[in-house]
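Hi,

Here is the structure I said I would pass on. Have a look at it first, and then read on for what turned up.

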Amino acid sequence: MCKVLIFGCISVATLMTTAYGASLSSAKRKPLQTLIKDLEILENIKNKIHLELYTPTETQECTQQTLQCYLGEVVTLKKETEDDTEIKEEFVTAIQNIEKNLKSLTGLNHTGSECKICEANNKKKFPDFLHELTNFVRYLQK
């Protein structure tokens with residue numbers, strides 16, 4: 001009886017890990033912590049950036065696609081702000097770090113089969129985009 005119970009618990013744990021992904025290694029946690037810090041830096045200039053960026057909504061079901069979408073939009077953000085004289089070097093560096101850390105996170109689990117492409121998401125103004133990206137990174141930390 002005990003063996004059956006233990007085997008059942010192991011099976012459930014295996015299924016949960018498969019369904020929701022294994023816990024993150026410390027190598028994946030560090031970029032998440034750095035991302036949060038860099039996103040907090042951007043909070044100081046969020047109203048100076050006048051861009052609309054595709055903002056994923058299926059974040060929990062489609063982690064891989066969400067990461068790819070945010071990465072693509074951060075590349076767009078970087079291109080648009082590099083020559084902006086109102087944006088200080090500190091913020092440009094934060095954007096570059098965000099791009100680097102999003103790239104390092106690709107390969108996480110949670111890929112849904114019916115996830116929409118980035119361009120199918122609504123465009124949101126930068127402050128809303130930043131808020132959603134920050135929430136997504138915090139979700140990944142859990």
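Let's start with N121 and what it touches: once its neighbours within four places in sequence are set aside, N121 is in contact with Y54, T55, P56, T57, C69 and K116. Bear in mind throughout that this is a predicted model. N121 sits in the loop that runs between helix 4 (89-105) and strand 2 (123-125). Is N121 buried or exposed? It counts as buried because its relative accessible area is 7%, and the cut-off for buried is under 20%.

Two distances are worth checking on your screen. The C-alpha atoms of N121 and Y54 are 5.7 Å apart, although 67 residues separate the two along the chain. Then there is the side chain of N121: one of its polar atoms lies 3.5 Å from the backbone nitrogen of T57.

Stepping back to the whole chain, you'll find five helices and two strands. Going from the N terminus, the order is α-α-β-α-α-β-α. The chain has 142 residues, and 37% of them count as buried. Sequence-distant pairs feature heavily: taking the contacts with a separation of 6 or more, 87% are between residues 24 or more positions apart. As for the surface, about 8,800 Å² is accessible, and carbon and sulfur atoms make up 53% of that.

Next, the inside. How many cavities of 30 Å³ or more does a search of the whole structure find? It finds one. The space in this largest cavity is about 40 Å³. Its lining is made up of L39, L42, V74, L77, I98, F126, F129, L130 and L133. Helix 2 (26-43), helix 3 (63-81) and helix 5 (126-141) are the elements that each give two or more residues to that lining. Which element gives the most? That would be helix 5, with four residues. By residue type, the lining of the largest cavity comes out as nine nonpolar, no polar and no charged.

A few single residues also caught my eye, so here they are, helix by helix.

Helix 5 also holds T134. T134 counts as buried because its relative accessibility is 10%, with the line for buried drawn at under 20%. Apart from neighbours within four places in sequence, T134 is in contact with I36 and L39. You've met L39 already, as one of the residues lining the largest cavity.

L105 belongs to helix 4. At 0% relative accessibility, L105 is another buried residue. L105 and L32 are 73 residues apart in sequence, yet 8.3 Å from C-alpha to C-alpha.

E80, in helix 3, is a contrast. Why does E80 count as partly exposed? Because its relative accessibility is 48%, and partly exposed covers what falls between the buried cut-off of under 20% and the exposed one of over 50%. The C-alpha atoms of E80 and H50 are 9.7 Å apart, with their positions 30 residues apart along the chain.

If you only have a few minutes, I'd go to two places: the N121 side chain beside the backbone nitrogen of T57, and the cavity with its nine nonpolar lining residues.

Cheers

Technical notes
Residues numbered from 1 in each chain as written. Predicted model: local features only at pLDDT ≥ 70, side-chain atom pairs only at ≥ 80, totals over all residues. Heavy atoms only, no water. 1 Å grid on protein atoms, 1.4 Å probe; cavity = no way out; pocket = protein on both sides within 12 Å on 5 of 7 lines; lining within 4 Å. Points joined across faces, edges and corners; volume = space filled by probe spheres on them. Nonpolar A, V, L, I, M, F, W, Y, C, P; charged D, E, K, R; others polar. Buried < 20%, exposed > 50% of the residue type's maximum accessible area, 1.4 Å probe, protein only. Contact = heavy atoms within 4.5 Å. Polar contact = N/O pair within 3.5 Å; in protein donor to acceptor, adjacent residues only side chain to side chain. Areas by Shrake-Rupley, 256 points an atom, 1.4 Å probe, with all protein chains shown as cover.
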